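Welcome! Open your viewer, get the cartoon on screen, and let us walk through this model one selection at a time.

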Amino acid sequence: MQTALMNWSGGKDSALALYHSLQNKACDVRYLLTSLNDSFRRISMHGVREELLDQQAQRLGIELLKLRLPETTSMEEYQLRMAQILQPLADAGITKSIFGDIFLEDLRLYRENQLATVGMQGIFPLWKRPSMELLEEFWGLGFKTIVVSVNGNVLDRSFCGRVLDRDFVSELPANIDPCGENGEFHTFVFEAPYFSQPIDFQKGETVEKTYHFQNTEGEDLTSTYFFTDLLPI
């Protein structure tokens, strides 16, 4: 049997990828691995509190590993810290790393190249499946998720803090992937067929944050994101 870790963001794609991996009797998922902004103790990119991430892991009954990152980190430092977590796992016999990626070829290639440096291989259970097909399966299995982060460059604030359902998808602009695969939005799963019980929370405030960065050509760019805080109950 293949032993694996699940790259767990707490959102819908990783949740559905984990579901398929757990159904695959040839795959033994030993760990969840999540990147956290250590300054704020929140899931990277999603902004979800660490306490809610812990509740997901507890309801799953799978050991959670946390990659703690500073508020700002270079790609080189990220890769080093990731390797420091992955290499001992690979040495202990974890051979596979599972991802919820759907169709971003360059991202998959990057992941596979990084895994190869520690002797691991990637598994992509959702790869190349149509986004709406994945959502219909997600809903049909009883998963429920809420949008916690929105890229303000492509979507307005009103999409943040909403349950991702058919009404949400119907209101998306035509150029937005229904699964947010291009980073348009991120989610938090609060109910799942493999959770021992749903996760209770209250919605807090929605805040706007602006980030300044340079692209690979050295151009100065600005991105705006909206985050809806979820408060553990």
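In which loop is Arg-41 found? Select Arg-41 and follow the chain to either side: this residue sits in the loop between strand S2 (27–37) and strand S3 (42–43). Keep in mind that you are looking at a predicted model.

**Two backbone angles**

Stay on Arg-41 and check its phi, which is near 55°, a positive value in a residue other than glycine. Most residues other than glycine have a negative phi. Now move on to Met-45, in the loop between S3 and helix H2 (50–60). Met-45 also has a positive phi, near 75°.

**The cysteines**

Next, select Cys-179. The closest cysteine sulfur to its own belongs to Cys-160, 17 Å away, so the two are too far apart for a bond. A disulfide needs the sulfur atoms within 2.5 Å, and by this rule the count comes to zero disulfides. Cys-179 is buried, with a relative accessible area of 2%. Hop over to Cys-27, which is also buried, at 8%.

**A hidden space**

Return to Cys-179, because it is one of the residues lining the largest cavity. Add Lys-12, Asp-13, Leu-16, Leu-126, Leu-134, Leu-135 and Phe-138 to your selection to show the rest of the lining. Helix H1 (12–23) and helix H5 (131–140) each supply at least two of these residues. Colour the lining by character and you get six nonpolar residues, no polar ones and two charged ones. The space has a volume of about 40 Å³, and a search of the whole structure finds one cavity of 30 Å³ or more.

Definitions and conventions
Residues are numbered from 1 along each chain as its sequence is written. This is a predicted model: local features need pLDDT of at least 70, side-chain atom pairs count only at pLDDT 80 or more; totals for chains, interfaces and linings use all residues. Side-chain values use heavy atoms; hydrogens and water are left out. Buried means under 20% relative accessible area, exposed over 50%, partly exposed in between (1.4 Å probe, protein chains only). On a 1 Å grid over the protein atoms alone, a cavity is a set of points where a 1.4 Å probe fits but cannot get out, and a pocket is an open set with protein on both sides within 12 Å along at least five of seven lines; lining residues have an atom within 4 Å of a point. Grid points are joined across faces, edges and corners, and a volume is the space filled by probe spheres set on the points. Helices (H or I, at least four residues) and strands (E, at least two) are DSSP runs, numbered from the N terminus. Ala, Val, Leu, Ile, Met, Phe, Trp, Tyr, Cys and Pro count as nonpolar, Asp, Glu, Lys and Arg as charged, and the others, Gly among them, as polar.
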